[in-house]
Every structure is written in C-alpha cells, then in structure tokens.
Amino acid sequence: QDLSGVDIAVVGIPFDGGTTYRPGARFAPRAIRSASCMNRNVHPTLGVHLYEKMSAIDYGDINCNPLNLKKTYEIIEKSYAELLKAKVIPVAMGGDHSVLYPILKAMKAAHGRFGLIQFDAHTDTADQAWGEKFHHGTPVRRLIEDGVLKGRDVVQIGIRGPLTSKDQMEWDAKQSITHLTIEELHEQGLKESIKTIRKKLDPKIPYYLSFDIDGIDPAYAPGTGTPVVGGLTSFEALQFVRGLAGLNFIGFDLVEVSPAYDHAEITSLLASALMFEFMTLAALD
C-alpha cells in the first residue's frame, strides 16, 4: 500500500483471541467505523479542522489469524513496521488489549524509548491466566519484562476493581508504574488529576496512548469484554484526553469494544468519538 503523504492511518485489528471473559472484540472495527459518521471534521473545543491539517486514511483491517495468537502478533508487528517506516501515526481500533504487545514492539524498533499512557480499569500486569503468559491481562507486564517499556514511563488512569492476588500490586510498585486510581481521580477532581499526570510525564520522550474502553463505567460503555463498575464517565474521558494536548504522540489505540454487549451503539459512538480525539491530538503535535 502506498503511504506516501499520509500522516495518520486508522487501523482495524479484528482480534479477540486474547480475551478471558466476554468475546466479540473482533467485531469492533466494523462497529466503530459505522459510528464514525458522526465525527465530522472540526474539533468542537480545540477548533482544529483535522483534515485540513493532516492527511488521514483508513488502512483497513490487519489480516489477523483468529486461531493463532502468535501468528497474529507477527502479522500486526509486520504491518506496523510498514506504517512506521513511512512515518505514519497509527490509530488502531482493536481488538482485545493483547494486541498492545506487538504494536509496542514495533514502536520500540522505530522510536527507541517512549512512554505509555493507558486508560483502563485494569493494569494489564498479570503474570498469567490458566498458565498462559499472553492474553489481554498481561501485555504491560510482558512489555516491561522484555525491555520494550520502562515501568517508570508507564502511566495508568482509571485503575479500579478487585485483583486475583496482591503480587500484581507489589510487582507494579517495584516497576515504578504510576497509577491514578478512580478514587484518586474523584478525590482530586478532574483538572487536578490531569495536572498530576502531566507532572509525571517525561517531556524528553514521546508517548503512546492506549485506551481500553472498560476504563469507562459500563453505564456509559456497556459493550465491552471485562466490564468493571465505578469508572470514568464519557465526559471525564473526553476531557482527560483533551487535557493531554501538546504531548508528542507516536500512536494510539482504542480496544476492548464488544458490540454484541452494546446498547443503542453508545459504546461504539464513544469509541469513535475518542478516536477523533486521538487524531486531533496528533494534529496538534
């Protein structure tokens, strides 16, 4: 595919082979694309006409292997290498969160050191499930263990809910991962929470933004594979993302939308709106 002159590529990753609870995220790219007709061209508060500033394409879907996680990782990493070689900023529609692993491996090869800003109910630093080291609850741990990320460069927002064991919390602390829990966000307020996170970020490195839709309260985003009550509202999520304007972003993803569990497309509409926010952040850089 000719990527000359392209600034941003929307990339579908229809894969949910790393899911441990509700399946269906493989159908998310189709649903988010359908909802995207509501996005229009101009950002309502930042005043940016996205498509006057950036050349954007729909790259289509990566041809994932639904029966083989390892093969799918190889395909994703190869596709991303092509995009990054052409200096394109990828904005992915997952897919479950396990796809973060091959995406960030490709980012490491292209960019060296970078940070991760992750909106999520979960830290995704579990060691294993049913003896499996790779699934949607383990990518951040594997990425740190494999030297793709440094724990101090990982910032996670909206963390909440029960864990299987205390070991995971202790491991996160040893890696110096920054957690902004949902309780801390509400105690500080939204504006102060954004300031807190921005102070934690290293201005010398670029950042990748990964948004798991289960970071949103299921009242606002029911269509997801591992819902956790008590999360961000849709407004809080949009405002927090806008509060990251001015950072140097190298890529984005929106994962874990499962359309079969959605109602009136509210999850897909929010996912599509967040994709538009990501693209606007890239245009502001």
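Start by selecting Glu82 in this predicted model. Leaving aside the neighbours within four places in sequence, Glu82 is in contact with Gln1, Leu3 and Tyr59. Add those three residues to your selection and show their side chains along with that of Glu82.

Now colour residues 69-85. This is helix α3, and Glu82 has its place there. Is Glu82 buried, exposed or partly exposed? Its relative accessible area is 34%, so Glu82 counts as partly exposed, because that label covers values between 20% and 50%.

While you are here, pick Ala106 as well. Along the chain, Glu82 and Ala106 are 24 residues apart. Draw a distance line between their C-alpha atoms and you should read 9.5 Å.

**Next stop: helix α6**

Select residues 167-174, which form helix α6. Which residues of this helix are buried? They are Gln168, Trp171 and Asp172. Turn the view until you look down the axis of α6: the buried residues fall within an arc of 100°, so they line one face of the helix.

What do these buried residues pack against? Colour α5 (139-145) and β6 (178-181), and you have both partners in view.

Then rotate to the other side of α6. Here Asp167, Met169, Ala173 and Lys174 are exposed. Giving them one colour and the buried residues Gln168, Trp171 and Asp172 another makes the two sides easy to tell apart.

Before leaving, step just past the end of α6 to Ser176. This residue takes a positive phi of about 65°.

**Zoom out: the whole chain**

Switch to a cartoon view. You are looking at 10 helices and 8 strands. The C-alpha atoms fill a box of roughly 50 × 45 × 40 Å along the principal axes. How does the radius of gyration fit a compact globule? For 285 residues such a globule would have a value near 19 Å, and the chain has 17 Å, which agrees.

Colour by burial next: buried residues make up 56% of the 285 residues. Contacts tell you about the fold too. Among those between residues at least 6 apart in sequence, 78% join residues at least 24 apart.

Finally, turn on the surface. The accessible surface comes to about 12300 Å², and 52% of it belongs to carbon and sulfur atoms. For a last view, colour by charge: the chain has 29 positive and 35 negative charges, and their mean positions are 5 Å apart.

Notes. Residues numbered from 1 in each chain as written. Predicted model: local features only at pLDDT ≥ 70, side-chain atom pairs only at ≥ 80, totals over all residues. Heavy atoms only, no water. Buried < 20%, exposed > 50% of the residue type's maximum accessible area, 1.4 Å probe, protein only. Helix = DSSP H or I, 4+ residues; strand = E, 2+ residues; numbered from the N terminus. Arc of directions from axis to C-beta. Contact = heavy atoms within 4.5 Å. Rg over C-alpha atoms; globule rule 2.2 N^0.38 Å. Areas by Shrake-Rupley, 256 points an atom, 1.4 Å probe, with all protein chains shown as cover. Lys, Arg positive; Asp, Glu negative; His and termini not counted. Charge placed at Lys NZ, Arg CZ, Asp CG, Glu CD.
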